[in-house]
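Student: Could we go through this one slowly? I'd like to see how the words people use get tied to the values behind them.

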Amino acid sequence: MTTLERLNALFCEVFDDDDLKIAPEMTANDVAGWDSLSHVNLIVAVETAFKIRFNQKELLTFKNVGDLLNSIENKIG
Amino acid sequence: MGNDLIQHEQHNIGEICTRQQCAAGRGDRVALRFIPAYGERTDYSFLELDAQSNRFANLLQQLGFVEGDVFFTFLPKLPEQFFAFLGALKLKLITGTLFSNFGDDALLDRLGDSCAKGVILRKSALKKLGRIRNRLPSLRYVIVTDSDVDLAPDILSLRRLLADASAEFVTPETSPDTPSVLHYTSGSTGKPKGVLHCHGSVLHQSRTAREVLDLRPNDIYWCTADQGWVTGTSYGIIAPWSLGVTQVQYGGGYDAEIWFAILEEEKVNIWYTAPTALRMLMREDPGIFGKRSLTSLRHIFSVGEPLNPEVIRWSRESLGREIYDTWFQTETGGILISNQPGLPIRPGSMGKPVDGIEAAIISDSGNLLPDGEQGNLCIKAGWPSMFVTYLNNESGYCSKFKEGYYNSGDTAYRDADGYFYFVGRNDDVINTAGHLISPFEVESALLEIGEVAESGVIGAPDELLFEKVIAFVSLHHGLEPSRELELKIRLHVTNRASSIATPQEIVFVDAVPKNRSGKIMRRVLKARYLGIDAGDISTLED
């Protein structure tokens, strides 16, 4: 399973939508329910699933799914 | 403007906001400038708003909806939100709006309690609704905005329905006491309460938009509130359009760059937003707003939770504008206490009662308290936008009134010059980012999780959100806290209640303090969290 596929599964779980298909250019405006509060759920889910941690500075740089994906890939090597 | 609001005794909000504006010669004026998160903005004139809402009224009528039926929107910010809302009101339906991030339980409580007959939503919300549908026997029609075809005999395509719906509709005569808008609000115990308003509320909403928000005929107005809450309907739909004013609506979420671009490029004159948003803006790079020309912006207003004095100072220094804090509740339907242009601002104060409103500070024993003393913030009953009942809970409604005053549930005091100051809630309701959260609802959701033995939920002060939701959780014997369990808890509360009810912090404890009757002692939890004295704990269970 690619990182994108694993991340997609997390999006489906966090946003309660089995049909969700993420893409790097997608932002919070493209996903129903992705607000600043559910974003925390997403980050906790990503950190737990990939066994990584983001610091506050990193979190502020995520502008879209692609930024999040890149950061995950950098961390898991 | 405004003096001719009620014509021929027609109080119908849908009619006043659309056809009446056209009849007054404003048909070609832009009513709604909708700016989607992506793509081109679309302008809808008052003529188009009238036609679109007429088509909606017609399609609902063809489906068999009649006066008094309950219809909800469950949509993010989309043009259909506005057309559906006004169309349903034209047909004299009781019309509610649901915050689009509500979870299953929140939906079930609201659709179930109101015996809603119909709801309009996006396809992505069908899964949520599907999980509770069998517990909603009154729900006959689900209308989907983004499907070309019907998905089931009772899950209908809006596009298909609109294709057959006429743009002509004659709004029936509507008296001021005809039920209109329904919003649910959280209390400290029990299920959310259905706050019902009547069409006559438009009188107060329109007047306060003119006299407090200072809306003028050629203004461009932007209210950032979501239509799922009372500000989003009272001042994000009804008030500006009752005055024929153009309003901007942005379909995306908070984004400082985009928000300031909208203020500048759309030449917004009056901006009504929330303290949490303003506090977020304060934290942004000053270059974001420093490069923007806000010459059109006349006033900024705020509502939802108390406005910190430092936000007022920031706005004066960084934006060169005052921010006027306003106070109202779902039950009040419109602004009752306010700062406003012409009234010197006292930072930290919610302002003075608006004309015609009598506010008082009253003790628990029912005595009027002198200036400077804290007590219950109460409003003399009878203002035009006063709620008329809690749906199916008349005793709860009656309990809010005593000696002719409505008890707001807020604690406040008044200074010698008549300015009111918010102190706190006199119940356990949590105000997070301007949204009221019932600790009971969150605790109930937490107890549904297999690992959770007990839960207690409080609000704690937060620099950004005003209050944050803190959940104390004790686990069944032998279980240990983990990151996975924390995630499970978070997602469960989000999906059952809503994202705004999701705890900002989860504190795992051995036991949740209760009194000898088994009632959760939230006061003790709060004191522990804040590291302060819990006061009298003689009733604490051993």
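**Helices, angles and charges**

Tutor: Sure, let's start here: helix α8 (residues 202-211) of chain B packs against α9(B) at an angle of about 80°, with their axes 8 Å apart. This is a predicted model, where local features need pLDDT of at least 70, side-chain atom pairs count only at pLDDT 80 or more, and totals for chains, interfaces and linings use all residues. Residues are numbered from 1 along each chain as its sequence is written, chains are lettered from A and ligands numbered from 1 in the order in which they are written, and side-chain values use heavy atoms, with hydrogens and water left out.

Student: Why are α8(B) and α9(B) called roughly perpendicular?

Tutor: Angles of 65 to 115 degrees count as roughly perpendicular, under 35 as roughly parallel, over 145 as roughly antiparallel, and the rest as oblique. The angle here is about 80°, so α8(B) and α9(B) are roughly perpendicular to each other. The contact (heavy atoms within 4.5 Å) includes V202(B) and Q205(B) of α8(B) and S234(B) and Y235(B) of α9(B). Its residues divide into five nonpolar, five polar and no charged.

Student: And what makes α4(B) and α9(B) roughly perpendicular?

Tutor: The axes of helix α4 (residues 79-90) of chain B and helix α9 (residues 230-242) of chain B come within 12 Å and cross at roughly 70°. That value falls in the perpendicular range, so the name applies to α4(B) and α9(B) too. Among the residues in contact are F82(B) and F85(B) of α4(B) and W241(B) of α9(B). By class, this contact has six nonpolar, two polar and no charged residues.

Student: Why is α1(A) called oblique to α2(A)?

Tutor: Helix α1 (residues 3-14) of chain A and helix α2 (residues 36-50) of chain A pack at an angle of about 135°, with their axes 10 Å apart. That value belongs to none of the named ranges, so α1(A) is oblique to α2(A). The contact includes L7(A) and F11(A) of α1(A), along with L42(A) and V46(A) of α2(A). It has nine nonpolar, three polar and one charged residues.

Student: Now the charges. How do you know that D105(B) forms a salt bridge with R496(B)?

Tutor: A salt bridge is a side-chain nitrogen of Lys or Arg within 4 Å of a carboxyl oxygen of Asp or Glu. For D105(B) and R496(B), the closest N and O atoms are 3.2 Å apart, and the pair qualifies. It links distant parts of the chain: D105(B) sits in helix α5 (residues 104-113) of chain B and R496(B) in helix α16 (residues 483-496) of chain B, 391 residues apart.

Student: What makes K127(B) and D16(A) a salt bridge?

Tutor: Their closest N and O atoms are 3.2 Å apart, which passes the test. Across the interface of chain B and chain A the rule finds four salt bridges, and over all chains the count comes to 44.

Student: How many residues of chain B are in contact with chain A?

Tutor: 20 residues of chain B are in contact with 20 residues of chain A.

Notes:
Axes are lines fitted to C-alpha atoms, for helices over the stretch in contact, and angles run from 0 to 180 degrees between N-to-C directions. Helices (H or I, at least four residues) and strands (E, at least two) are DSSP runs, numbered from the N terminus. Ala, Val, Leu, Ile, Met, Phe, Trp, Tyr, Cys and Pro count as nonpolar, Asp, Glu, Lys and Arg as charged, and the others, Gly among them, as polar.
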